[in-house]
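Work through the exercises below with the structure in view. Try each task before reading its solution.

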Amino acid sequence: MAVAGATPQDVSVEMGKQVSTASERPKWGSRGQFIMVLMGYAIGLGNIWRFPYMCGKYGGGAFMIAYLVSLFCIAAPLFVFETVLGHKYQLGPVGTFTNMYAPWAGVAYVSIIMTCVILTYYQALLGWAVIYFVQSFAAKLPWHPDECGGCTTGDYFGQTVLNAASFGDEGGWDVQGKLFLALMAVWFVTWLALIGGKNVLGKIAYFTVLFPVLLLVIIFCKAVTLEGAGDGVAYYITPDMSHLTKANTWSAAASQILFSLSPAMGTAIAMSSYHEKSYDRLLQDNLVIICCNSCFSMFGGFAVFSIVGYLAEQRGLPVEQVASAGTGLAFDVFAEVLTLFPGGSSPFFSVCFFFMLLLLGLDSAFAF
């Protein structure tokens, strides 16, 4: 608990028998490390598969308006406030809230519990991406109809990758070996990144943040050349203003930016506490992180809907019937599109896509 009468700089937080003081707290090696780590924390899987779908479902450009309003009125102020708290008190979430008002320490513990719950789900998704990434190195993608006996990508995902079964069915409680190994690999990589400390994490973040941007640009350049890409992009950006009168549009927009930027998780407090007390560029750093996060989502939407438009053209269906939410977008819709790339380029683009998903997910997991 906080030492009575101490100033914020001198405050000590006792955790069992260990005492950590603000003056002993290590500092960032560079400004860029701080920006990259928090940028990696914000830019994740939801930017690629959730944001474009939400745009398509809630009126395209109309959803973007609600999204931007929610960003500037809700998510961005909360995110900035967290970084200010961490910088001011030079402590982690528990120490910060304890120093503000001792009974508020429970708020920090809630965020820890939330992080554990989210990571359990998040790492499982990355485990699926590991399997697809490894299988993409084959001469022909194993979920191609010619390779899996005419199965659909959805069937391949459910039956071959997950081997899904209901709890009441035979084998419903069996451990799936390849899924277990993939999950352990994800946790091991996360552990390797964390044992080196924040400065090693900051250096890794340069790669895990910037390389996915390069991969997304490659995928975008290919996607916009596909037949039907224009129809997908038109569906993505054309606003249906009637959606702005619906409460669920605003609710979806707020949930998307809160999920993406992830304020109130304690990460921004912890990361900003590693700055020197005299550091005076926190506001500029926040603007860079917040703007890059949203720009990545919007740019990713163009790549996603170019591919969705192509798939709609191939299936002879409206674009809105092809786009699907959540895991279906990455492991069903995208997996099918990747089999349709001509000239034997499918494995290359599949490797790029699933490696991008892995990096986006891992750098978020590192920061959590």
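**Exercise 1.** Find where Lys246 sits, and find how far Lys246 is from Tyr58 in sequence and in space.

*Solution.* The model is predicted, so keep that in mind throughout. Start with the place. Lys246 belongs to the loop between α10 (229–237) and α11 (247–261). Next, take the exposure. Lys246 has a relative accessible area of 38%, so this residue is partly exposed. Then turn to Tyr58. Along the sequence, Lys246 and Tyr58 are 188 residues apart. In space, their C-alpha atoms are 9.3 Å apart.

**Exercise 2.** Describe how α4 is placed against α11 and against α13.

*Solution.* Take α11 as partner. The axes of α4 and α11 come within 8 Å. They cross at roughly 45°. That angle makes α4 oblique to α11. The handedness of this crossing is right-handed.

Now take α13. Helix α4 covers residues 61–89, and helix α13 covers residues 282–315. Their axes lie 10 Å apart, and the packing angle is about 140°. An angle counts as roughly antiparallel when it is over 145 degrees. So α4 is oblique to α13. The crossing of α4 and α13 is right-handed.

**Exercise 3.** Decide whether Leu85 is buried or exposed, and state the separation between Leu85 and Ile269.

*Solution.* Locate the residue. Leu85 is in helix α4. Check the area. The relative accessible area of Leu85 is 8%, and buried means under 20%, so Leu85 is buried. Finally, look along the chain. Leu85 and Ile269 are 184 residues apart, yet 6.2 Å separates their C-alpha atoms.

**Exercise 4.** State how many salt bridges there are, then describe each pair.

*Solution.* Begin with the idea. Side chains of opposite charge can pair when their charged atoms come close. The cut-off is a side-chain nitrogen of Lys or Arg within 4 Å of a carboxyl oxygen of Asp or Glu. By this rule the count is two salt bridges.

One pair is Asp285 with Arg31, whose closest N and O atoms are 2.5 Å apart. Asp285 lies in helix α13 and Arg31 in helix α1 (residues 31–42), so this pair ties together parts that are 254 residues apart in sequence. Compare the two ends. Asp285 counts as buried because its relative accessibility is 0%. Arg31 counts as partly exposed, at 25%.

In the other pair, the side chains of Asp146 and Lys140 meet at 3.2 Å, N to O. Here Asp146 is exposed, with a relative accessible area of 57%. Lys140 is partly exposed, at 37%.

**Exercise 5.** Name the residues of the nonpolar surface patch, and place Met184 in its helix.

*Solution.* List the members. Val175, Phe180, Leu181, Met184 and Trp187 make the patch. Its area is about 520 Å². Now follow one member. Met184 is in helix α8, residues 177–195. The relative accessibility of Met184 is 38%, so Met184 counts as partly exposed.

**Exercise 6.** Which residues of helix α7 are buried, and what is notable in the phi of Asn163?

*Solution.* Helix α7 covers residues 153–161. Its buried residues include Thr153, Tyr156 and Phe157. Gly158 and Val161 are buried as well. Move past the end of the helix. Asn163 follows α7, and its phi is positive, near 50°.

Key: Residues numbered from 1 in each chain as written. Predicted model: local features only at pLDDT ≥ 70, side-chain atom pairs only at ≥ 80, totals over all residues. Heavy atoms only, no water. Patch = residues over 30% accessible without salt bridge, like charges linked within 9 Å, V, L, I, M, F, W, Y side chains within 5 Å. Areas by Shrake-Rupley, 256 points an atom, 1.4 Å probe, with all protein chains shown as cover. Helix = DSSP H or I, 4+ residues; strand = E, 2+ residues; numbered from the N terminus. Buried < 20%, exposed > 50% of the residue type's maximum accessible area, 1.4 Å probe, protein only. Axes fitted to C-alpha atoms, helices over the stretch in contact; angles between N-to-C directions. Parallel < 35°, antiparallel > 145°, perpendicular 65-115°, else oblique. Left-handed = near helix turned anticlockwise from the far one by under 90°.
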